[in-house]
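Here are my notes on this one, jotted down as I went through it. Have it open next to you while you read.

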Amino acid sequence: DDDNDWELKFEVPGAKKGDKIYIDVHSIDMDCIREKETGKYYRIATHDKKKEIFAKTVRARKLMELIAKNMHQNAEPGIQNIDVARKYSNSDYLYDPSDEYDSRILSTNACSEQYLSRESLCVLASANVGKFSSVPEVYIKQLERIAISMNRFLDNVNECELLYKTYATPHQRLAIQKLRRTGAGVTNIVGWLLKKKLIYASKEANEEFEEWIKVFNYFLYLGSEQNGKEKGDFELFNKEKWKSSPFVQRIIEESIKLNKKYNVSIITGNHARNVTNSSIAPTGTLSLMFKDMVMSYGVEPAFFLFYWKRTRMSGGYQYYFVVPKIVRDMFEEAGYPIPMKSDTIQDDWTGTKGKEILEYISKHLSKINIPFEDSTKIDPMEKLEFMSKVMKWVDSSISTTYLLPEGSDWKSVYN
């Protein structure tokens, strides 16, 4: 009965080393932990209630401590606040017990950016935020074109799955037909913030980017509504149920405000081609494909103003030193052009060529006003505040990583 003797172990049938493991956290349990009531107990639930076996109970706070210790040491297990997720899950409000497909979400994909119902798919794409104007009156016109096009493109991927029968299982076919999930996201946020001379996760940066991501999602939903009216709604669409989703209500209300401010269309909620439209993935590989190298990936802060990358070509590793174009432009405008003809130069394992340029950048950096803090200096709680601003306007989820300050212990994770 001594809680200190407990080890936190998860036996997951079929799980392999490296697989992501999640624990469902229900709101009532979190309340127990906050209230510090030692008499309360925590429950780990499966999706099959008939097969649940309660071998022993453990105090809620003690279990949270064990989870925090394991997360600090191994980065596992993850926690999903399932009640909150289901409250804002559009597909949960469309659940029809008489239908052959259960639209209620179960968990996320491995990277956590997409909540999924049974055998649903991740159909994702990401916009390079750094390419957009920093002026609202300009970027709203850009987003009108790009976001609506992204939504249509991703829905076409779903259509191709059905048309060419490339789905893996019959349930995947059902998931596409019934819901047509999509997830348009972003990358290179820091590149955009540099244009506005704002530091990632600062109060002003949070406010400015929330406005951008809000408009982005508005146009994704407008595109889905237009597409649904043109081609037909996803099969489980029900106008009354759709409008009962808190996230849909939020987007509709925001569209009315945007209509008054920018004279854009109001979302009616009478049609929808896709049950979800937004999702922010890690975008590591995708972000390497742009002509101009990005400052940051996904929703993350930047490593630094320059970095090395390694690629594997023709069976062997190649190394490159990278200074993104926006940094090179800022140095050149200040009269200190970085001696590079492009964003990347080929280097070796020891970084010989890159170190020479690094010395040049370090020598002149103090003379150039670059509002910037690298990822190791971003306070985790400030990043959490930034995430709360972004998540408000994302209908699925966000994949992100929190870097703890050097010397942190498991209590930092717990708190």
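1. Let me start with a cavity, the second largest, which has a volume of about 50 Å³. Keep in mind throughout that this is a predicted model. The residues around this cavity are Tyr-221, Ser-224, Glu-225, Trp-242, Val-248, Ile-267, Gly-269, His-271 and Ala-272. Helix α7, running over residues 203-231, supplies the largest share of that lining, with three residues. Sorted by class, the lining has five nonpolar residues, three polar ones and one charged.

2. How many cavities of 30 Å³ or more turn up in a search of the whole structure? Two. The largest is also listed at about 50 Å³, and its lining is made up of Ser-120, Leu-121, Val-123, Asn-158, Ala-175, Ile-176, Leu-179, Arg-180 and Arg-181. Here the top contributor is helix α5 (residues 170-179), which gives three residues. The class split for this lining is five nonpolar, two polar and two charged.

3. Back to α7 for a moment, since Phe-209 sits in that helix. Is Phe-209 buried or exposed? Its relative accessible area is 0%, so Phe-209 counts as buried. Setting aside neighbours within four places in sequence, Phe-209 is in contact with Val-129, Val-186, Ile-189, Trp-192, Phe-386 and Val-390. There is also a long-range pairing to look at: Lys-389 is 180 residues away from Phe-209 along the chain, yet their C-alpha atoms are separated by 8.3 Å.

4. Now the overall picture. The protein has 13 helices and nine strands. Of its 415 residues, 47% are buried. Among contacts with a separation of 6 or more, 71% are between residues 24 or more positions apart.

5. Next, the sheet with the order β7-β8-β9: it is open, has three strands and pairs them in the antiparallel sense. Its edge strands are β7 (307-313) and β9 (344-347), each of which pairs on one side only. From one strand to the next, the twist averages 35°. Helix α11, residues 352-364, packs on this sheet and touches β7, β8 and β9. The direction of α11 makes about 135° with that of β9.

6. For anyone checking the register between β7 and β8, the antiparallel pairing with β8 (residues 316-322) covers seven bridges. Arg-310 stands opposite Tyr-319 of β8, and the bridge partner of Lys-309 in β8 is Tyr-320. The hairpin of these two strands has two residues between them, and there Ser-314 takes a positive phi near 50°. That turn is worth a look on the display.

7. On to the other pairing in this sheet. How many bridges join β8 and β9? Four, again in the antiparallel sense. A handy residue pair for finding your place is Val-322, which stands opposite Thr-344 in β9.

8. If you only have time for a few views, I'd pick these. Go to Phe-209 in α7, and bring up its contacts, including Trp-192 and Phe-386. Then turn to α11 where it packs on the sheet. Finish with the two cavities, using Trp-242 as one of the lining residues of the second largest and Asn-158 as one of those around the largest.

Notes: Residues are numbered from 1 along each chain as its sequence is written. This is a predicted model: local features need pLDDT of at least 70, side-chain atom pairs count only at pLDDT 80 or more; totals for chains, interfaces and linings use all residues. Side-chain values use heavy atoms; hydrogens and water are left out. Two strands pair if DSSP finds at least two bridges between them. Axes are lines fitted to C-alpha atoms, for helices over the stretch in contact, and angles run from 0 to 180 degrees between N-to-C directions. Contact means heavy atoms within 4.5 Å. On a 1 Å grid over the protein atoms alone, a cavity is a set of points where a 1.4 Å probe fits but cannot get out, and a pocket is an open set with protein on both sides within 12 Å along at least five of seven lines; lining residues have an atom within 4 Å of a point. Grid points are joined across faces, edges and corners, and a volume is the space filled by probe spheres set on the points. Ala, Val, Leu, Ile, Met, Phe, Trp, Tyr, Cys and Pro count as nonpolar, Asp, Glu, Lys and Arg as charged, and the others, Gly among them, as polar. Buried means under 20% relative accessible area, exposed over 50%, partly exposed in between (1.4 Å probe, protein chains only).
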